[in-house]
Amino acid sequence: MTELIEIRGARENNLKSVSVDIPKRQITVFTGVSGSGKSSLVFGTIAAESQRLFNETYSTFIQGFLPRIGQPEADSLANISAAIIVDQQRLGGNSRSTVGTVTDSAPMLRFLFSRLGNPALGSPGLLSFNDPRGMCPTCEGIGQIAAMDMDAVLDTSKSLNEGALLPKDYNVDGWYWAVYVKSGYFDNDKKLKDYTPEEMDKLLNLDDGKKIKIDKFSLTYEGVVTKLKRGLGAKDPEQLQPHVKLEYDKIFTRKTCPDCAGSRINAAARGSLIGGRNIADCSAMQVSDLLASVRALDVPAYAPLIEALATRLQSLVTIGLGYLSLDRESSSLSGGESQRVKMVRHLGSGLTDITYVFDEPSVGLHPHDVGRLGELLRALRDKGNTVLVVEHKPDMIAIADHIVDMGPRAGRDGGHVVYEGDYQGLLKSGTLTGDHLDRHQTIKTKLRKSDGKLSIRHAKLHNLKDISIDIPKGVLTAVTGVAGSGKSSLILGGLVGAYPDAVVIDQTLARGSRRSNTATYTGILDPIRKAFAKANGVDAALFSANSKGACPDCGGLGVIYTELAHMEPTASVCETCNGKRFTDEVLSYHLRGKAISDVYEFSVVEAVEFFTEKPINKVLRDLDDVGLGYLTIGQPVSTLSGGERQRLKLASELGKAGQIYVLDEPTTGLHMHDVDRLIGLFDRLVDTGSTVIVIEHNLDVVSRADWVIDLGPGAGQEGGTVVFEGTPAGLASSGTLTGGFLARRVR
């Protein structure tokens, strides 16, 4: 008899007392429109309860250092096993974190070189750029050094008293400025352009340890260049706060280390070779090529290690990441790439009877690669694990042993299980998902005419092979090809570089505070506050969670954050305001019968009905048009997925005619029903005079484009060329990889 995960009366977020049985040691796919309750059921209920129960196995002392996870809202949850969540959260990390370190391939490769390299160094640490014994001493294992733009440091037409020092903290009358002025080395009214070489050297490079008395303090003299290099220049730019990184980027540029040529390792490590290559050469190879080299090694004494490394590399190739290199920094990976890299780590695990939870693992994958991803999920299942997948793509839904379809719609109109069973049953179910599985957009035949062209000439970024191409203006263009074929390099690199005024709508948002939410990001909070103020004859600042009306205990956040040293901070509902963010006085003021806290809980769809004010209503309708009608007004931006962030950006740009829009995989996280709406939105943008260029794998979007550019034929070194440009109908008969999948849908 099949064991079941039993859920009874689940009520997290918009779930309407959901009761469902999920078979263990099978693949269950959860689908439904965005906001229908899939994530609330899978992540907010099943995974959260698993993590909570797992944490309770530790002693009370240890639990004090772990994130506090509340019990999910449900009547009962039974037969839940330990869960591993493999989500789309970008791997991040600093410049020392690479694909090799994250997948544990780098340690295997170092061990191999330590034994088989000529000369053999004996210790793997002597080959590591993260170990002082192996790193390049000049760049300390980074591979790059910081070079300074002196025009951003000095204005030589001015004197020290006139503000010749330009960095942010060196302004006139500041402490840093005072060190140079009071040092006695300079005529403070002399223009820097008139300095002798000796004076300029003192200003920039002197490091004599001299103490300069400033008020009651003594500060050590350091030349401007010396001080900047030791301070700001020594920091990892990717770890800086936005305002600090802005200053860093003004002053510093990163250039390849002249001593190690970017290899990160010292001369001894570079001199240890296998087959004429050192470890840096191997790490820089495309994974698919490195795999072939590793498999060619014939050393019986180390056969188990060689096979283990080959297996790990093969997993990367199988999952569609063979175009990466082991030295690729993990922070540069997309959300989909990050998730698949995490998956590789788990494929080699000896654990069984685990519940693996995946959040749209097919994100960023060409249809060609989706089938291979299905094989890996089956491999996890066949080891005796339970695999839960939140997905929208029909090919991924088809691999399921069991399907749970949520709906019928989003937000308040969702939260129900509208179907559970097998794939064939879903096709006949009559749900939104079932109706769209075998219904596709037709290939467009009535095409718009271009009114100009956008030219890219001799594009060579990354793997691009000297591409020159014209993209038509005034139409919808789809750029497609397998992952790693060069799509982003061509468009986000080549096109945007040539046309910097293009509006790029990708899946990143500027790092914001915990206070950033749907209302603040879209700018509707100000008119909302003014509407409340006008209706009640009071100050608008009362209705800001950042100002006068904020709850004094939580500061208007509605939750209390507890920092836990190196752990993620935990959040608990503020007991003073019960999560309502405002003081009792503010909550006594109403607009059309609703308090400001009620508005924060509105979904976009509910808010459209409530707010008649034109500036507010227009933005809300735009949010609904891009498929975000289920978001709440007060939802923190930090909780949004990559696809939701992208559509939030898109909504803020709507209504601006004549723009060049560049969108990077905008269908990420969208149900097939919502993809249809998004295509309609693209059509409206083009019809009002804009040019829309979409980097996309979704064949419905490709079918409805006016023009298609297909890159390939493969990924990495096998990509980087234009294999087709023309109409969607032409693509279907072109014989390219993408064209083949499009043609199969037509038949």
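This is a conversation between a trainee and a mentor about reading a predicted model.

Trainee: Let's start with the sheets. In what order do the strands of the open sheet with strand 5 and strand 13 come?

Mentor: To read a sheet, walk across it from one edge to the other. Here six strands form an open sheet in the order 5-10-11-3-12-13, and the pairing is mixed. Strand 5 (83–86) and strand 13 (416–421) stand at the edges with a single partner strand each, so one side of each has no neighbour in the sheet. From one strand to the next, the twist averages 20 degrees.

Trainee: In which sense do strand 3 and strand 11 pair?

Mentor: Strand 3 (residues 27–31) and strand 11 (residues 386–390) pair in the parallel sense, over four bridges. To find your place, look for phenylalanine 30, which stands opposite valine 390 in strand 11. Then look at what lies on the sheet: helix 14 (residues 367–382) packs there, touching strand 3, strand 10 (355–359) and strand 11. The direction of helix 14 makes about 145 degrees with that of strand 11.

Trainee: How many residues of strand 10 are buried?

Mentor: Five of its five residues are buried, so to speak of strand 10 as mostly covered is fair. Check both faces: Thr355, Val357 and Asp359 point one way, Tyr356 and Phe358 the other way, and all are buried. Now check the partners. Strand 10 runs parallel to strand 5, joined by four bridges, and pairs in the parallel sense with strand 11 over five bridges. Valine 357 is a handy landmark, standing opposite isoleucine 85 and opposite leucine 388 in strand 11.

Trainee: What is the strand order in the open sheet that holds strand 17 and strand 23?

Mentor: Read this sheet from edge to edge too. Its six strands have the order 17-20-21-16-22-23, with mixed pairing. Strand 17 (503–505) and strand 23 (721–726) are at the edges, each with a single partner strand, so one side of each is left without a neighbour in the sheet. On average, neighbouring strands of this sheet are turned by 15 degrees against each other, direction ignored. Strand 16 (residues 476–480) and strand 21 (residues 691–695) run parallel, joined by four bridges, and valine 479 stands opposite isoleucine 695 in strand 21. Helix 25 (residues 642–653) packs on the sheet, touching strand 17 and strand 20 (660–664), and its direction makes about 150 degrees with that of strand 17.

Trainee: On to rings. How many aromatic pairs does the count come to?

Mentor: The count comes to 15 aromatic pairs. For a ring pair, read the distance between centres and the angle between planes. Tryptophan 175 and phenylalanine 217 are 5.2 Å centre to centre with 40 degrees between the planes, a tilted pair. Tryptophan 175 lies in helix 5 (residues 175–181) and phenylalanine 217 in strand 8 (residues 217–220), so the pair ties together parts that are 42 residues apart in sequence.

Trainee: Which kind of pair do tyrosine 180 and tyrosine 221 make?

Mentor: The ring centres of tyrosine 180 and tyrosine 221 are 5.4 Å apart and the planes are at 75 degrees, so the pair is edge-to-face. Tyrosine 180 is in helix 5, while tyrosine 221 is in the loop between strand 8 and helix 7 (224–230), 41 residues apart.

Trainee: Are tyrosine 180 and tyrosine 221 buried or exposed?

Mentor: Tyrosine 180 is buried at 1% relative accessibility, and tyrosine 221 is buried at 0%. In the other pair, tryptophan 175 counts as partly exposed at 42%, and phenylalanine 217 is also partly exposed, at 46%. Tyr180 and Tyr221 also belong to a cluster linked by ring pairs, with Tyr170, Tyr176, Tyr185, Phe186 and Tyr195.

Trainee: What lies over the face of tyrosine 185?

Mentor: Lysine 210 does, at 4.4 Å from the ring centre. Elsewhere, the charged end of arginine 744 sits over the ring of phenylalanine 741.

Trainee: Last one: which residues of helix 6 are buried?

Mentor: For a helix, ask which side each residue is on. In helix 6 (residues 197–205), the buried ones are Glu199, Met200, Leu203 and Leu204. They cover an arc of only 120 degrees around the axis, which puts them on the same side of helix 6. The exposed residues Pro197 and Glu198 are on the face turned away from that buried side. The buried residues of helix 6 pack against helix 5 and helix 7.

Definitions and conventions:
Residues are numbered from 1 along each chain as its sequence is written. This is a predicted model: local features need pLDDT of at least 70, side-chain atom pairs count only at pLDDT 80 or more; totals for chains, interfaces and linings use all residues. Side-chain values use heavy atoms; hydrogens and water are left out. Two strands pair if DSSP finds at least two bridges between them. Helices (H or I, at least four residues) and strands (E, at least two) are DSSP runs, numbered from the N terminus. Axes are lines fitted to C-alpha atoms, for helices over the stretch in contact, and angles run from 0 to 180 degrees between N-to-C directions. Contact means heavy atoms within 4.5 Å. Rings of Phe, Tyr and Trp (its six-membered ring) pair if their centres lie within 6.5 Å; planes under 30 degrees apart count as stacked, over 60 as edge-to-face and the rest as tilted. Buried means under 20% relative accessible area, exposed over 50%, partly exposed in between (1.4 Å probe, protein chains only). A charge sits over a ring if NZ of Lys or CZ of Arg is within 6 Å of the ring centre and within 35 degrees of the ring normal. The arc is that of the directions from the helix axis to the C-beta atoms.
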